[in-house]
Amino acid sequence: MKILGISCDYHDSAACLVDSGHIVAAAQEERFTRKKGDAALPAESIKFCLQQAGLRPGDRLDAVAFYDKPLLKFHRILQTQRAVAPRGLGQFLAAMPVWLRRKLWIEARLGQALDQLGILQPDQVLFPEHHLSHAASAFYPSPFEQAAILTVDGVGEWATTTLGTGNGHHIEFAQQLTYPHSLGLLYSAMSQYCGFRVNSGEYKLMGLAPYGEPRYVQAMLEHLIDVRDDGSFALNLDYFDYVGGEQMAGPKLAELLGGPPRAAEGPIERRHMHVARSVQEVAELVLLRLAKHLRATTGMRQLCLAGGVALNCVANGKLLRSGLFDDLWIQPAAGDAGGALGAALAVWHGHLGQPRQVDGVHDAMAGALLGPEFSAEEIQTYLDSRSYPYTRIADADWPQTVAQLLADQQVVALCQGRMEFGPRALGNRSIVADPRSPQMQSQMNLKIKFRESFRPFAPSVLQERAAEWFAIDRPSPYMLLVADVASERQLPLQGDESTLELTQWVNRPRSTVPAITHVDYSARMQTVSERDNPRYYALIQAFERLTGCPLVINTSFNVRGEPIVCTPDDAYRCFMRTSIDVLALGPFLLQKQQQPHWQDRENWREEFRLD
Amino acid sequence: MIDPFAIWDPLHSRHELQQRLAQAKSRRKVATQTLVALAVAALLVAVGQVQLARFGVAFGLLGPILLLVSPWRGLPIWHGMQHNLAQLLQKVLVVALLTPLFVLVLWPLGLWARLRGEDPLRLKPFARPASLFVPCEPSDTQSWRPY
Ligand SMILES: [Fe+2]
């Protein structure tokens with residue numbers, strides 16, 4: 001029984017195919033169309049999912065699940081307009097044509113997309129609620145038979161936060177908070193205030209937080225957000241402009257935070273760092289109270305998380321260490337892309353009442369490696385057709401060969417196996433390097449990612465070695481938990497650093513693996529298991545044999561503003577445009593010096609709007 | 001024949017898809033879309049439980065707007081025009097049609113609601129109980145309709 005899950009029309013559209021409860025395929029549309037956060041109807045992702053499930057023209061899908069209720073969302077928008085009129089005319093004029101031309105007709109558009117592929121229409125298109133899709137994506141693939149469920153995001157139809165429980169294949173919601181009172185929107189508004197783009201800059205705000213002091217926490221709790229003991233909260237909308245306005249943050253916010261918002265790409269001042277730290281602490285406070293309330297009211301010992309806010313790996317780390325729950329499971333595609341997966345699973349388990357199979361240890365995400373894969377033959381055909389020089393490495397020698405390159409301080413890009421689903425690259429579309437090198441971080445930032453980043457890179461560490469290197473006692477396979485670098489590997493501070501420029505500050509070594517250690521000694525680590533990704537595991541293992549260090553730098557295979565690469569062609573283009581030394585394309589190794597001269601358009605970087 | 005499932009070269013197949021989609025924009029589609037629009041408008045009026053009935057008047061106006069705005073690309077009159085001009089005209093049309101809707105319908109409805117002391121978005125920060133949670137309806141997990 002094949003169910004196609006779809007999320008689109010807001011940001012980061014995606015498709016997922018679930019076959020009798022088994023997740024066969026999932027991918028984000030941006031990877032195919034090469035438009036970051038593409039919100040269009042995911043025609044390419046749908047095509048990929050159908051192909052992966054073995055559907056051919058003339059076949060029929062059993063159901064299509066859309067990740068939210070468009071008419072209910074439309075209702076919220078009209079209600080909002082009514083509540084704020086006569087303000088909001090601009091927003092109304094911008095939103096209505098899109099709704100009237102596209103968003104309201106999602107069912108017809110999906111039908112059309114399937115028609116184009118020759119797939120027969122399913123009997124029905126089902127519309128689970130937005131937060132049910134999030135909750136389903138968090139609970140159903142988790143290893144837990146029963147768990148508390150917390151979903152927190154910007155906004156779905158009306159809900160912005162929901163608290164519920166999962167038991168077997170049943171999900172029940174108990175309480176919720178509704179628009180405009182939203183932790184996700186608060187965080188986005190603060191990201192925008194600090195000059196980062198809404199829907200992609202939140203991660204940067206989180207990365208900036210450790211440089212600041214929590215100076216505005218009191219002011220925020222007094223004026224911006226009214227948090228109750230049970231974690232429920234209300235925002236003071238006098239300070240925000242997103243209800244009816246064109247911006248997230250209102251003018252009063254600038255007064256409260258002692259200055260105007262930072263212009264995009266403008267200098268980052270101390271004040272911005274303090275704001276980042278403060279809003280991060282407020283978000284953590286709310287999440288911890290919500291978790292405490294959930295623990296007390298549900299009695300569950302496990303917690304499942306999803307929604308865009310669940311990508312806040314710093315808060316997740318604190319939640320785990322709080323000990324409120326014995327264990328956490330967080331959907332790797334916690335944002336709206338994961339809604340496609342949740343919607344399909346909600347239909348299978350929730351609507352059709354099909355039971356789950358759980359073992360209490362392993363999740364059903366297959367390491368989030370759910371995207372397209374290219375065989376050695378396909379890659380070879382591609383390379384030969386372009387006459388790009390390569391060497392083929394036997395599988396048995398591959399880990400040792402690539403590990404040696406890393407140990408020789410080469411930067412290697414990996415494009416192998418199935419592409420990751422969700423925002424993080426987990427070893428199959430990753431750029432990897434030696435984390436011990438003090439220069440590696442700035443070198444990779446400037447020559448490869450083309451960014452001046454204040455964020456360190458993430459480490460991929462062998463799961464069995466994680467506890468020796470980081471203060472963590474369990475797997476973090478999806479880079480969704482932040483933990484400190486083990487104290488014996490930390491280096492002491494060198495004098496007062498608060499006077500340093502941010503770019504100097506970030507390059508001060510903090511540990512014996514400086515490229516992956518943040519200014520507060522934390523690392524957003526990924527543990528790699530042999531089960532989930534044997535090839536990547538073998539590479540890190542070989543690197544450990546050579547160097548004694550069981551971890552590598554792992555950063556996504558893209559440049560700033562570009563979606564992560566998908567095909568060998570995307571990979572080759574990114575490889576040639578940057579200073580990556582070696583491209584490992586499946587079993588083939590391509591050395592930069594041996595490649596023919598790369599002629600690119602002068603302005604290729606304009607293809608990608610900076611995020 | 002090109003395999004419609006070939007994902008080897010997404011750019012190529014996407015181009016194909018777009019071309020075919022463009023060709024599919026026919027009068028038949030325009031008519032269907034308009035009918036669907038009217039049906040949805042009627043449906044929204046009918047489902048009073050989700051408070052959409054309040055917008056009945058507004059949706060009554062949607063039909064003609066949809067006729068003019070939604071299928072604008074399909075109307076032959078646009079085809080000969082410069083892209084920019086067509087876009088400008090479309091903007092003028094949208095503003096000309098939606099502004100009266102906003103001013104004549106939504107604004108008075110909003111004013112009326114405020115006069116009656118309604119606060120549908122719970123914007124006012126006074127007299128709040130110890131918990132701000134809203135209980136969930138069972139329908140949140142049991143409805144599979146688009147509303
Ligand atoms: Fe969401």
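A residue is called buried when its relative accessible area is under 20%, exposed when that value is over 50%, and partly exposed in between. This vocabulary helps in reading the salt bridges of the structure, which is a predicted model.

Side chains of opposite charge can pair when their charged atoms come close. Over all chains, the structure holds 24 salt bridges, and one of them joins R109(A) to D9(A), whose closest N and O atoms are 2.9 Å apart. Because R109(A) sits in helix α5 (residues 106–116) of chain A while D9(A) belongs to the loop between β1 (2–7) and β2 (14–19), this pair ties together parts that are 100 residues apart in sequence. R109(A) has a relative accessibility of 14% and therefore counts as buried, and D9(A), at 10%, counts as buried for the same reason. These two residues are also linked with R102(A) in a network of salt bridges.

A second pair is formed by E562(A) and R34(A), with 3.2 Å between the closest N and O atoms. E562(A) lies in the loop between β19 (551–556) and α20 (568–577), and R34(A) in the loop between α1 (29–33) and α2 (43–52), so the salt bridge ties together parts of chain A that are 528 residues apart in sequence. Both E562(A) and R34(A) are buried.

In a further pair, R465(A) and E544(A) bring their closest N and O atoms to 2.6 Å. Here the loop between β16 (458–462) and α17 (466–469), which holds R465(A), is tied to helix α19 (residues 534–547), which holds E544(A), across 79 residues of sequence. R465(A) is partly exposed, with a relative accessible area of 28%, whereas E544(A), at 18%, counts as buried.

Definitions and conventions
Residues are numbered from 1 along each chain as its sequence is written. Chains are lettered from A and ligands numbered from 1 in the order in which they are written. This is a predicted model: local features need pLDDT of at least 70, side-chain atom pairs count only at pLDDT 80 or more; totals for chains, interfaces and linings use all residues. Side-chain values use heavy atoms; hydrogens and water are left out. A salt bridge is a side-chain nitrogen of Lys or Arg within 4 Å of a carboxyl oxygen of Asp or Glu. Helices (H or I, at least four residues) and strands (E, at least two) are DSSP runs, numbered from the N terminus. Buried means under 20% relative accessible area, exposed over 50%, partly exposed in between (1.4 Å probe, protein chains only).
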